[in-house]
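Dear colleague,

Please find the structure below. My notes on it follow.

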Amino acid sequence: MTLRSALTTAAATLTAAGLTVSVLSGCGSTPASVATRQHTAPAAALPMATSLIAPGGAAWAVAELGGPSARHDNFWELLARPAGATAWTLATPPGVASNGGLILASAGTAVIAGFRPSQLLTFSPLAATADQGKSWSQGNLVSPGLAAVPDALAAGPDDRLLALTDTGTVRLGAHLGASWSLIGSRNSVARSPAGRACGLTSLSAVAFSSAGTPMAGGSCRTPGVVGLFAATSGGWQPTGLALPAALGHVPASVLGLATFSGRTTALLAVGHGPLTGIVAAWSGRTANGGWTFSPVLRTGTTHLLSQSLWLAGAVGIVLAGSHGETLALGPAGQLEALTAHAGTVSMWQLGAGSGSGVTPAGIGAGPASWKQLQTIKIQIPYGSSG
Amino acid sequence: MNSGLSNTNPTLVAAFRAALVHQGLIVAALLAVLALAWIGVREFSPAVRQAAAAAQWSQEPAARRLLRIGFGILWIFDGVLQAQPAMPAGLPAGVMQPTAAASPAWVQHVVNWAGTAWSYHPVQAGAAAVWIQLGLGAWLIAAPPGRASRLAGVASAAWGLLVWIFGEAFGGIFAPGLSFLFGAPGAVLFYCAAGLLIALPEARWRSPHLGRQILAVLGIFAVGMAVLQAWPGRGFWQGTVHGKPGAIAAMAGSMSGTAQPHFLSVLVSDFGKVDAGHGFAVNLIVVILLTAIGAALITGTRRIVRPALGLLLAVCLADWVLVEDLGFLGGLGTDPNSMVPVALLAVGGYVALVCVPVSASVTEPAAGPAGSPAAEPTAALAAAGQAGARLVRAFGSSSMRAIVAVWAAAVVLIGAGPMALAQTSTTADPIIAQAIDGSAAPLNFAAPGFALTDQAGRPVSMASLHGKVILLTFLDPVCTSDCPLIAQEFRAADRLLSQQSQHVELVAIVANPVDYSLAYTRAFDNQEGLAGLPNWLFLTGSLRQLQQVWRNYAVAAQILPAGGMIAHSDAAYVIDAAGHTRFEFNFDPGPGTASSESSFAAELSNAAQQVLRLR
């Protein structure tokens, strides 16, 4: 059963046409050429549906549920699958309306969730769990609120947090966000020599480097330049990530950014309009190790429904024209998909031999068979935030 | 711009009805007093009676009379429509806002200003519109020739201009899709034109020249509208566009959905279908008719104008029924739309052209000439003094129409007065808050104590606030909807209290069992601009302390699963300086509009002032 037919059978009301599930992984591939007619940065409309695998092995996924017509009747939910378990459970932190979205950051074995502001709330409450979502500790917050991008929050060594806010500022938090300091903004980064070389138009992701240096990624006007900057004592510096020659004539945007096991993964959009493609880049394991790239996945004008950056540099994205799906990795590394509609989340697993091995692209288009693992009915608190 | 209340909110509807009844009683009483005084003066003063008998009235030109009475009836009809229960809450959101929606931002800004002013005092505004329009109508109908009726014309034009600007968003002339068929350039602009014509010196009506001018202007207008109707790319030539109804068919389809008698709905809907199938032909007919009518009216030649007038009346009738759908149905109609006033104006112009009065003498009744029997002072008049005597004599010798006209002018003032008075207040009517949450009953019991910590980390207890009036509420610092609104209502109440606020503490207690740290109370204060307010306290404590306070005040603070906001009670208390609860309000902020926020603030500050007076 393909994912699409499985969804139809399950009456999950998936209206996506041409759903494409893609997994990018591996290193050292040669990027394909992407042509462009205009030297403008791709639009940075990033989905907030995502998943992550915490170092302890627990899996986390963020999905949007509720009514699609009224924004404040959409509720973002956090789902967790404890290490070694096969079943997912609802683990949304309590106490705050999740209508604006949830941003995840992995802090060792702990996971931190940030609530995006919605309606009249302008800051982002934070919640942390060290027991895979069974209990949450709350009390810290980010103000102004987190930006509406999946990698607006990152955790680093020494309980430090890094936040990209709604107003385009980059803030460094100590003690898991008990106090914050401003370390940059879109304007300050754009004014730096590296920012000027890039022609920075916006910031879209933050992460700590393997050395614990705060980094921020964004969109560049200058073709061939990737807007990935590191906050050093000398100001915002380039990280050395540049598109390979084959892509030297197209603009790029950072879609996602994460560092696991001493290695940073950057998910990039390259090109423009129907010629847009997605490419993953991985830093070397040493400071001067250089970057390697995946082949380009041509997406055209199809937008992303979700993006996930996992351990070992694996990247999962879902392209479609409709409702939200999120990819996750199963306990044994097999691919799982979460579909969400109204108050129901369904988990699907890709059958053995159906595209695992995951070289770029296209497992959804082939004879891949998906089997339904689990369905969770969630009592959506409609109207509770209106 | 609107209050956010339902059009049928029972509190608002009841208040509106009560206002109409109260003002109606005043209006009736005024009429009775005037009538009795007039009859009395005439009865007890033979001189006045003789003066009245001697007074002569000029014959008013027929065209002027037609416009005066015709538009008088229209104003009365509009006034009756304004008395619909849905008007106080519904006019800004249901009439003004949609009318201005397609207009440029500056027009929307102007209309928004007026809509906000209306929504701050919906009852007074609704009642004012009723009485002003009824008064104008009665004034126009009753006013005898001369200054009284000319003044009525000016008043009619002035009010019409206000309605045209604010109520009709300049008749939509700055919006795309302007069409004669849809009522352009606004029905009330024709009321204004008629008012100005009535205000002209009567001598102007005693020549066919004025009639020719009226018809010529209408002719130019019709030709202009024909050009607009024929202009390519405006959607009138297509019955359907990409499978959807074209402009005319869409308008008919939309109007047929209005609450109305079934046969009318079917008629309008059928016309929409005809246009959808034959859009080009329908528009061609309209363009040809408007051009022909316009050209004929411009000539000013009787034999050409007459059939053109007949044609115009037929077009107006067809459009009024089939496209404008009579204009006043559905609960929020404010007038019968443009076709009736256009037709009335055209007929008035024609009558002015063909029926020129022979007599040109104008005599306005006033005090009788000196030396005449009527001028001889009676004993009563002499006692009242010369000036008073003249006034009484003028009053008594006036015609009944003049007395009714005076009364009608007073009705206009009775309507406008309370509205003007309300507009001097910068705060919204507390009726809006009461319409949302009901009224608060006065109480008197000891308020439960608390010992918590303010946003600066200082201990605060009920005892430490002794001597101050406390406005108390419970807020969730990470709430996304109600709590920020309630906080702003408290802040606005503090502003209203002005100097008295030094005796008042605004106190909020955290109502969230999860996020209750000082970081959150401070973040909330910063978010709401309350950090610098000297008498603002946002209190928190340990969960146990908070739960105790919630229990004491019967406040629920319930965790909802799956990303729901904390469910908690929206309540506000006014506690006097001795620690006694004097008022308890249900304080759900409702729609959170500017007017509802201002209304809650007014309600709260009024209560605080009452309690301050108890000190």
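In these notes, two strands pair if DSSP finds at least two bridges between them. Helices (H or I, at least four residues) and strands (E, at least two) are DSSP runs, numbered from the N terminus. The model is predicted: local features need pLDDT of at least 70, side-chain atom pairs count only at pLDDT 80 or more, and totals for chains, interfaces and linings use all residues. Residues are numbered from 1 along each chain as its sequence is written, chains are lettered from A and ligands numbered from 1 in the order in which they are written, and side-chain values use heavy atoms, without hydrogens and water.

Chain A holds an open sheet of four strands in the order β6-β7-β8-β9, with antiparallel pairing. Its edge strands, each pairing on one side only, are β6 (102-107) and β9 (137-142) of chain A. Strand β8 (residues 124-129) of chain A is joined to β9(A) in the antiparallel sense by four bridges, and A:Pro125 stands opposite A:Leu141 in β9(A).

The largest nonpolar core (buried Ala, Val, Leu, Ile, Met, Phe, Trp, Tyr and Cys residues joined through side-chain atoms within 4.5 Å; buried means under 20% relative accessible area, with a 1.4 Å probe and protein chains only) has 115 residues. B:Trp139, B:Phe180 and B:Leu297 are among those that touch the most other members. Helix α6 (residues 122-142) of chain B gives the most to this core, with 13 residues. A second, separate core of 72 residues includes A:Val62 and A:Phe208.

Yours sincerely

Notes: Buried < 20%, exposed > 50% of the residue type's maximum accessible area, 1.4 Å probe, protein only.
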